[in-house]
Each structure stands twice: as C-alpha cells, then as structure tokens.
Amino acid sequence: MLKPSIAKNDRLANWLIGIFSLVVFIVVVVLGKFKLDVELGFDVHIFATINAFVNASIAVVLVAALVAVKKKNYELHKKFMITALVLSILFLLSYIAHHLLAGEAKYGDSNHDGLVDEAEKLAAGAMRMVYLVILITHIILAAIILPFILFTAYRGLTSEFPAHKKLARITWPLWFYVAVTGPVVYFMISPYYN
C-alpha cells in the first residue's frame with residue numbers, strides 16, 4: 001500500500017469538500033441560465049466536442065485505474081485517478097464555457113427557435129424520450145457525484161484504504177456512468193445545435 005500523500009484532517013476536508021462541491025453546483029446552475037452574446041470568430045460548440053472527448057477520456061482512465069488497482073499496482077492507480085481528477089477540472093471549465101457561450105439546445109428543436117413544438121416532438125419520435133432519460137440520469141448523477149469523488153480521493157490520499165475502497169465501490173460506477181453518458185448526450189443533442 002502507499003504512504004499518505006496528504007495529512008489526515010477530516011474536519012478541514014469536510015469543510016473544503018462541502019464548500020467546493022456547493023460552489024461548483026451553484027456556478028453550474030446559475031451560469032446555465034445565462035448566455036453571453038459575444039462573437040468569438042469560431043463555432044462555440046467546439047467546447048461541447050471537447051466536453052465529449054474529455055468525458056470519454058475520463059471513462060478510459062477510470063477503467064485503466066480499475067485494472068491497475070485490481071492488479072495491485074497502487075502507484076499506477078493513483079496516477080490514473082489524479083489524471084481523471086485533472087480531466088474533470090478541464091471538463092468543468094469547458095462545460096461552463098460552452099453553456100455561457102452557446103446557451104441551451106433542446107432535443108428535437110429542428111428549427112432552432114428554443115422551443116420544441118408538437119410537430120418537432122413527433123419528428124424526434126421515441127428517441128426524444130431515450131435522450132431525456134439519459135440526460136436526466138446524467139445530470140442528477142453529475143450533480144451529486146462531486147463530493148463522493150472528492151471524499152474517495154481524500155481517503156485514498158490519506159491512506160485510509162478500507163474507507164477509500166468502500167467509497168470507491170459507490171463512486172467508481174457512478175462516475176463511470178456520468179463519463180460514458182456525457183458523450184452519448186453530446187452525440188444525441190449535437191444535431192440540434194444552432
């Protein structure tokens with residue numbers, strides 16, 4: 001097993017993780033309601049493409065980290081998990097940029113008027129419901145996963161491996177689901193980008 005990378009301080013960790021998770025949640029919710037009207041000279045949906053690529057990369061790194069820990073290569077596991085955390089920060093920045101610059105797209109809104117009328121719903125068919133189920137589960141899990149990820153990382157970095165393993169059994173599949181469904185959501189919604 002690995003030596004601790006950081007000193008154990010549960011009280012400070014609880015506060016920092018709680019505050020950081022809350023701030024990120026509030027920023028994503030609040031900024032999701034705004035759209036900046038600026039002309040950047042490039043297609044701002046490049047950020048959505050970056051998001052999909054980063055999420056797919058996180059999924060691959062999470063699988064690699066799982067394989068490494070199963071093979072008891074804890075140092076490699078740690079490197080992969082830190083990589084996944086760094087990629088998640090990159091994702092968050094790109095996600096905020098995309099929503100600030102592009103606004104919200106709606107599945108089925110083929111005329112790009114911001115509304116999905118009955119004719120557009122009919123044209124989108126059952127895939128609209130499939131999309132909405134994937135999107136809603138993705139959003140809910142993305143909203144709640146951050147503190148789990150941070151607490152799991154904290155337990156690993158303080159070498160509290162039984163607690164780390166217990167949390168990881170919940171965190172890993174949820175994080176993986178969010179990472180995989182991110183690109184799925186992107187590919188389903190991208191035809192409706194304006």
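**Exercise 1. Burial and ring pairing around Tyr186**

Is Tyr193 buried or exposed? Settle this for the predicted model shown above, and then describe how the ring of Tyr193 is placed with respect to Tyr186.

*Solution.* Start with the accessibility of Tyr193: its relative accessible area is 17%, and because buried means under 20%, Tyr193 is classed as buried. Next, take the partner ring, for which the relative accessible area is 15%, so that Tyr186 is buried as well. The geometry of the pair between Tyr186 and Tyr193 is tilted, with 6.4 Å centre to centre and 45 degrees between the planes.

Tyr186 also pairs with Phe187, and here the arrangement is edge-to-face, at 5.0 Å centre to centre and 65 degrees between the planes. Phe187, with a relative accessible area of 60%, is exposed. Counted over the model, there are seven aromatic pairs, and elsewhere ring pairs join Tyr107, Tyr131 and Tyr192 into a cluster.

**Exercise 2. The surroundings of His45**

Determine where His45 is placed, whether it is buried or exposed, and which residues it touches.

*Solution.* In terms of secondary structure, His45 belongs to the loop between α1 and α2. Its relative accessible area is 11%, and because the limit for buried is under 20%, His45 counts as buried. Leaving aside residues up to four places away in sequence, the contacts of His45 are His98, Ala102, Tyr193 and Asn194. Tyr193, one of these contacts, is the buried residue treated in the preceding exercise.

**Exercise 3. Two pockets and their linings**

What volumes do the largest and the second largest pocket have, and which helix gives the most to each lining?

*Solution.* The largest pocket holds about 1,500 Å³ of space. It is lined by 50 residues, of which Val28, Phe91, Tyr95, His99 and Ile139 are the closest to its centre. At least two lining residues come from each of α1 (10-31), α2 (46-70), α3 (74-102), α5 (126-157) and α6 (161-189), and the greatest contribution is that of α5, with 13 residues. By class, this lining comprises 35 nonpolar, ten polar and five charged residues.

The second largest pocket contains about 810 Å³ of space. Its lining has 29 residues, and those closest to the centre are Val69, His77, His164, Lys165 and Ala168. Here α2, α3, α5 and α6 each provide at least two residues, while α6 gives the most, with nine. The classes in this lining are 17 nonpolar, six polar and six charged residues.

**Exercise 4. Loop residues with positive phi, and an exposed arginine**

Which loops hold Lys72 and Ser159, and what are their phi values? Then characterise the position of Arg169.

*Solution.* As background, most residues other than glycine have a negative phi. Lys72, in the loop between α2 and α3, nevertheless has a positive phi near 65 degrees, and with a relative accessible area of 61% it is exposed. Ser159 lies in the loop between α5 and α6, and its phi, again positive, is about 60 degrees.

Arg169 is found in helix α6. At 60% relative accessibility, and because exposed means over 50%, Arg169 counts as exposed. Its C-alpha atom is 9.6 Å from that of Thr152, a residue 17 places away along the chain.

**Exercise 5. Confidence of the prediction**

Which elements have the lowest and the highest mean pLDDT?

*Solution.* For the protein chain, pLDDT averages 92, and 99% of the residues score at least 70. Among the elements, the lowest mean, 90, belongs to helix α4 (residues 118-124), and the highest, 97, to α2.

Technical notes:
Residues are numbered from 1 along each chain as its sequence is written. This is a predicted model: local features need pLDDT of at least 70, side-chain atom pairs count only at pLDDT 80 or more; totals for chains, interfaces and linings use all residues. Side-chain values use heavy atoms; hydrogens and water are left out. On a 1 Å grid over the protein atoms alone, a cavity is a set of points where a 1.4 Å probe fits but cannot get out, and a pocket is an open set with protein on both sides within 12 Å along at least five of seven lines; lining residues have an atom within 4 Å of a point. Grid points are joined across faces, edges and corners, and a volume is the space filled by probe spheres set on the points. Helices (H or I, at least four residues) and strands (E, at least two) are DSSP runs, numbered from the N terminus. Ala, Val, Leu, Ile, Met, Phe, Trp, Tyr, Cys and Pro count as nonpolar, Asp, Glu, Lys and Arg as charged, and the others, Gly among them, as polar. Buried means under 20% relative accessible area, exposed over 50%, partly exposed in between (1.4 Å probe, protein chains only). Contact means heavy atoms within 4.5 Å. pLDDT is the predictor's confidence in each residue, from 0 to 100. Rings of Phe, Tyr and Trp (its six-membered ring) pair if their centres lie within 6.5 Å; planes under 30 degrees apart count as stacked, over 60 as edge-to-face and the rest as tilted.
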